[in-house]
Amino acid sequence: MSVGEFELIDKIRRRAKVGAEVKLGIGDDCSSIAVPANHELLTSTDLLLEGVHFRLDWTDLHSLGIKAVAVNVSDLAAMGAKPVSLHLAVGLPVGLSDQQVEAFIDGIFAGLDRYDLSLAGGDTCRAQGPLVISVTVQGLCHRDQIITRAGARAGDDLWVSGTLGDSALALRALQSGHPLSDFLAERHHRPQPRTALGQQLATQGLASAMLDLSDGLAGDLPHLLRASAVGAQIDLARLPLSEEFRAELHKDQRLIDLAICGGEDYELLFSAAPEARPVLEQLAVQLELPLQRIGGIGSDPELRFCMSDGSAYQPQLAAFDHFLSNKG
Ligand SMILES: [Mg+2]
């Protein structure tokens with residue numbers, strides 16, 4: 001790599017757009033973000049490690065840059081916050097070419113533009129080792145509107161945005177060495193955080209509890225249930241599935257476990273009072289984003305997946321992992 005570290009930082013600094021909330025951005029020892037009256041600043045950090053969270057032979061650097069921004073913005077969406085600023089720290093392997101570094105930085109800026117985020121600070125370092133990406137995002141939310149995981153009540157409905165399992169289906173294809181369709185590549189490499197939905201749910205006070213799905217319904221829903229001290233019943237027949245997912249499911253029914261346990265959907269899962277149903281259906285039309293009621297919250301602290309005949313379904317997690325690793 002020939003671009004010097006200071007040169008790279010300078011290039012990034014020249015491109016960094018700074019929004020009105022950023023009082024001090026790149027160039028001082030700290031950034032400073034203004035918080036309007038009655039608002040709170042929400043912060044989330046993610047670490048993305050080559051070989052653990054991504055593989056450079058499966059993704060291009062531009063998509064990786066966009067995704068690094070998107071998955072963090074999804075955490076802001078999950079609490080109803082408006083994205084404001086991002087801090088980026090990267091450990092760049094010495095073997096990465098200038099073109100690869102530029103593609104990655106271009107991807108980061110594409111993500112910043114897409115979610116109207118200011119790049120407020122960061123750090124870079126060359127290292128012998130894998131690519132390490134640490135992204136910290138900050139967003140603003142009125143203090144009375146922040147949606148946590150803790151507000152779900154017995155009797156609430158459970159809703160999910162978009163479709164489930166597409167990203168896991170894409171991962172399965174990559175692990176089998178099969179090319180991805182455009183749709184699956186988009187779902188896996190360029191997930192769309194549901195920022196508009198998150199903010200609408202917050203400002204309209206529609207969701208009692210919420211999180212974003214990064215580790216699958218079976219992995220993430222228990223966090224919400226524990227925080228709210230409730231249980232839930234999920235109606236498997238109501239899980240929102242894409243046409244492409246349904247086509248694969250038709251060939252192999254076991255793939256339903258990808259929609260239940262598969263990660264990286266970055267859809268929003270939230271609870272809401274039954275009275276909110278008409279407003280939520282209207283919101284789905286307005287945002288052109290499907291919202292699906294997949295079950296309900298109960299006082300009994302357990303999570304049940306139900307088949308259409310009412311019988312309980314146990315996702316075959318172990319079998320599923322084995323299935324995946326065999327395909328690798
Ligand atoms: Mg999250």
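Reader: What makes Leu86 and Tyr115 contacts of Val69?

Author: This is a predicted model, and the test is distance. Two residues are in contact if their C-beta atoms lie within 7 Å. Leaving aside neighbours within four places in sequence, Val69 is in contact with Leu86, Ile108, Gly111, Leu112, Tyr115 and Val135. So Leu86 and Tyr115 each have a C-beta atom within 7 Å of that of Val69.

Reader: What makes Val69 part of a nonpolar core?

Author: Such a core is a set of buried residues of nonpolar kinds, Val among them, joined through C-beta atoms within 7 Å. The largest core has 85 residues. Val69 is one of those with the most contacts inside it, along with Leu86, Met210, Leu269 and Phe270. Val69 therefore counts as buried, with 20 or more other C-beta atoms within 10 Å of its own. Helix H2 gives the most to this core, with ten residues.

Reader: How do you know that this core draws on each domain?

Author: By where its residues come from. Domain 1 covers 5–142 and domain 2 covers 157–327. The core takes at least three residues from each of them.

Reader: What makes H2 stand out on the side of domain 1 that touches domain 2?

Author: Its share. In all, 17 residues of domain 1 are in contact with 19 residues of domain 2. H2 (61–77) and strand E4 (82–93) each supply at least two residues of the domain 1 side. The largest share, nine residues, comes from H2. By class, this side has ten nonpolar, four polar and three charged residues.

Reader: Why is the protein called as compact as a globular protein of its length?

Author: Set the value against the rule. The radius of gyration is 20 Å, and the globule rule gives 20 Å for 328 residues. The two are close, so the protein is as compact as a globular protein of that length.

Reader: What makes the side chains of strand E9 an alternating set?

Author: Look at the faces. Ala232 and Ile234 point to one face and are buried. Gly231, Gln233 and Asp235 point to the other and are not buried. In a regular strand, side chains alternate between the two faces of the sheet.

Reader: How do you know that E9 pairs with strands E11 and E12?

Author: Count bridges. Pairing needs at least two bridges. Four bridges join E9 to E11, and these strands run antiparallel. Four also join E9 to E12, which run parallel. E9 therefore passes the test with each strand. Gly231 has Gly298 as its bridge partner in E11, and Gln233 has Arg304 in E12.

Notes
Residues numbered from 1 in each chain as written. Predicted model: local features only at pLDDT ≥ 70, side-chain atom pairs only at ≥ 80, totals over all residues. Rg over C-alpha atoms; globule rule 2.2 N^0.38 Å. Domains from an automatic or database assignment. Nonpolar A, V, L, I, M, F, W, Y, C, P; charged D, E, K, R; others polar. Buried ≥ 20, exposed ≤ 12 C-beta atoms within 10 Å, placed from the backbone.
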